[in-house]
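Visitor: I'd like to go through this model and check each label against its cut-off. Could you show it to me?

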Amino acid sequence: MAKITKIEAQKRQGRYNVYLDGKFGFPVAESVLVQFRLMKGLELDQPTIAKITTADQIAKAYSRMLDYLSHQLRTESDVVKKLRDQETPEEFIEPVLQKLRDQQLVNDHEYAAAYVRTEMNTDLKGPGVIRQKLRAKKVVENDIDDALAQFTPAKQQENATKLSQKLFRRYRSQPLRRQVEKVRQGL
């Protein structure tokens, strides 16, 4: 059994060094420090130290994903891909994902709804293209269908009208028959 002799804050905020029997033992995140109630004088055995280091690695991966998610909404598949790109061990991916799900930071249903709202208001693409893009992000069909319900036929017609006007302007120097052909292709 090793005894904690000192806990020292690192330069990086929220990280601490734990010293066992006067020697450096391991670094931990503040959340792990609180979770295991680590304090000076506490005795730790090897299995407990292994649990602490595992929890610290999960906390580090979680922290990196919070940074990743702070820029924009992401799907679960985006988060898993990023974790794998950062060479996070497979056994840590699901606990990190579950923690993000529990805090509603990763939600494919909400992502799909926000994506459809953005696309139908900023782009002149139809529901078929939007569906393809969401499938590429590995969003489940039910979530895609629910999200596309907000893309009403009236809004689709409005977008199609805008697109056809834009295409007619683009090909105005072409003969009428060619203009019609190009607009049909574009739609």
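Guide: Let's start with histidine 109, which counts as partly exposed. This is a predicted model, where local features need pLDDT of at least 70 and side-chain atom pairs need 80 or more, while totals for chains, interfaces and linings use all residues. Residues are numbered from 1 along each chain as its sequence is written, and side-chain values use heavy atoms, leaving out hydrogens and water.

Visitor: Why is histidine 109 called partly exposed?

Guide: Its relative accessibility is 31%. Buried means under 20% relative accessible area and exposed means over 50%, with partly exposed in between (1.4 Å probe, protein chains only). The 31% lies in between, so histidine 109 gets the middle label.

Visitor: Where does histidine 109 sit, and what does it touch?

Guide: Histidine 109 belongs to helix H5, residues 108–122; a helix here is a DSSP run of H or I with at least four residues, a strand is a run of E with at least two, and both are numbered from the N terminus. Leaving aside residues up to four places away in sequence, histidine 109 touches Asp143 and Asp146, where contact means heavy atoms within 4.5 Å. Valine 79 is 30 residues away from histidine 109 in sequence and 15 Å away in space, C-alpha to C-alpha.

Visitor: What label does lysine 133 get, and what makes it fit?

Guide: Lysine 133 is partly exposed too, because its relative accessibility is 33%. Lysine 133 is in helix H6 (residues 127–136) and touches Tyr115, Glu119 and Asp123, again not counting residues up to four places away in sequence. From lysine 133 to threonine 5 there are 128 residues along the chain, and their C-alpha atoms are separated by 55 Å.

Visitor: What makes arginine 37 stand out in its phi value?

Guide: Phi of arginine 37 is near 50 degrees, a positive value in a residue that isn't glycine. As background, most residues other than glycine have a negative phi. Arginine 37 lies in the loop between helix H1 (30–35) and strand S4 (43–44). At 64% relative accessibility, arginine 37 counts as exposed.

Visitor: And glutamate 87: how do you know whether it is buried or exposed?

Guide: Its relative accessible area is 70%, so glutamate 87 is exposed. Glutamate 87 also has a positive phi, about 55 degrees, without being a glycine. Its loop connects helix H3 (76–85) and helix H4 (90–102).

Visitor: Over to the strands. How do you know that S1 and S2 pair?

Guide: Two strands pair if DSSP finds at least two bridges between them. S1 (residues 2–9) and S2 have five bridges, antiparallel, so they pass. Among the partners, isoleucine 4 faces leucine 20 and isoleucine 7 is bridged to valine 18. S1 and S2 make a hairpin with five residues between them, and glycine 14 in that turn has a positive phi of about 85 degrees.

Visitor: How many bridges does S2 have with S3?

Guide: Six, with S3 (residues 23–29) running antiparallel to S2. Valine 18 is opposite phenylalanine 26, and tyrosine 19 has phenylalanine 24 as its bridge partner. This hairpin has two residues between its strands, and aspartate 21 in the turn has a positive phi of about 50 degrees. Of the six residues of S2 (15–20), five are buried.

Visitor: Why are S3 and S4 said to stand at the edges?

Guide: The open sheet has four strands in the order S3-S2-S1-S4, with antiparallel pairing. S3 and S4 each have a single partner strand, so one side of each has no neighbour in the sheet. Helix H2 (residues 46–69) packs on the sheet and touches S2, S3 and S4, its direction making about 40 degrees with that of S3.

Visitor: Last one: why are helices H8 and H9 called oblique?

Guide: The axes of H8 (residues 153–170) and H9 (residues 176–186) come within 9 Å and cross at roughly 140 degrees. These axes are lines fitted to C-alpha atoms over the stretch in contact, with angles from 0 to 180 degrees between N-to-C directions. Under 35 degrees is roughly parallel, over 145 roughly antiparallel, 65 to 115 roughly perpendicular, and the rest oblique. Roughly 140 belongs to the rest, so H8 and H9 are oblique to each other. Leu163, Ser164, Leu167 and Phe168 of H8 make the contact with Gln179, Val180, Lys182, Val183 and Gly186 of H9.
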